[in-house]
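Q: I should like to learn how to read a protein structure feature by feature. Where should one begin?

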Amino acid sequence: AEGAIKAVVAGDVIKLYGTEEGDEVTLYTTGGMVITNAVAEDGVTTIPTSAEGVIIIKVADETVKVVR
């Protein structure tokens, strides 16, 4: 990933801005359990999830948190 990743919760999806095509994306609970894995798209990546609470998102070597 290049630059900062920005995560936005939009209903049942999380939109990640600033992703690069092919980046590995992993969503975790605060306890470290994997919620889902995805492969990033160029620019904006949309990940559907029903997980609630604090979600930790790892994109390549960057980590961001969102609350849903």
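A: One begins with strands and their pairing. Helices (H or I, at least four residues) and strands (E, at least two) are DSSP runs, numbered from the N terminus. Two strands pair if DSSP finds at least two bridges between them. In this structure, the hairpin of E1 and E2 has 2 residues between the strands, and Gly 11 there takes a positive phi near 65°. The model is a predicted one, in which local features need pLDDT of at least 70, side-chain atom pairs count only at pLDDT 80 or more, and totals for chains, interfaces and linings use all residues. Residues are numbered from 1 along each chain as its sequence is written, and side-chain values use heavy atoms, with hydrogens and water left out.

Q: How many helices and strands does the protein chain have?

A: The protein chain comes to 0 helices and 7 strands. Read from the N terminus, its elements run β-β-β-β-β-β-β. The C-alpha trace spans about 25 × 25 × 15 Å along its principal axes.

Q: What does the radius of gyration say about the protein chain?

A: The radius of gyration is taken over C-alpha atoms, and the globule rule is 2.2 Å times the number of residues to the power 0.38. For the protein chain the radius is 11 Å, close to the 11 Å that the rule gives for 68 residues, so the chain is as compact as a globular protein of that length.

Q: Which strands form the open sheet that contains E1?

A: This open sheet has 3 strands in the order E1-E2-E5, with antiparallel pairing. Its edge strands are E1 and E5, each of which pairs on one side only. Angles between strands rest on axes, which are lines fitted to C-alpha atoms (for helices over the stretch in contact), and run from 0 to 180 degrees between N-to-C directions. In this sheet, neighbouring strands are turned by 20° against each other on average, direction ignored.

Q: How many bridges join E1 to E2?

A: Strand E1 (residues 6-10) is joined to E2 by 5 bridges, and the two run antiparallel. Individual residues can be followed across the pair: Lys 6 stands opposite Tyr 17, Ala 7 stands opposite Leu 16, and Val 8 stands opposite Lys 15. E2 also pairs with strand E5 (residues 43-48), in the antiparallel sense over 6 bridges. There, the bridge partner of Ile 14 is Ile 47 in E5.

Q: In what order do the strands of the open sheet with 4 strands lie?

A: The order is E4-E3-E6-E7, and the pairing is antiparallel. Strand E4 (34-39) and E7 are the edge strands, each pairing on one side only. The twist averages 20° from one strand to the next. Within this sheet, E3 and E4 pair over 5 bridges in the antiparallel sense; Glu 24 has Val 39 in E4 as its bridge partner.

Q: How is a nonpolar core recognised, and which residues of the largest one touch the most other members?

A: In soluble globular proteins, nonpolar side chains tend to be buried together. A nonpolar core is a set of buried Ala, Val, Leu, Ile, Met, Phe, Trp, Tyr and Cys residues joined through side-chain atoms within 4.5 Å. Buried means under 20% relative accessible area, exposed over 50%, and partly exposed in between (1.4 Å probe, protein chains only). The largest core here has 13 residues, of which Ile 14, Leu 16, Val 25, Leu 27, Ile 55, Ile 57 and Val 59 touch the most other members. Two or more residues come from each of strand E2 (13-19), strand E3 (24-29), strand E6 (54-59) and strand E7 (62-67). E6 gives the most, with 3 residues. In the protein chain, 28% of the 68 residues count as buried.

Q: What is Ile 14 in contact with?

A: Contact means heavy atoms within 4.5 Å. Leaving aside neighbours within four places in sequence, Ile 14 is in contact with residues including Val 8, Leu 27, Ile 47, Ile 55, Ile 57 and Val 66.

Q: Is Val 54 buried or partly exposed?

A: Val 54, which lies in strand E6, is partly exposed, with a relative accessible area of 34%. Not counting residues up to four places away in sequence, Val 54 touches Tyr 28, Thr 29, Thr 30, Lys 65, Val 66 and Val 67.

Q: What sign does phi have at Ala 60?

A: Most residues other than glycine have a negative phi. Ala 60, although not a glycine, has a positive phi of about 50°. Ala 60 is placed in the loop between E6 and E7 and is partly exposed, with a relative accessible area of 29%.
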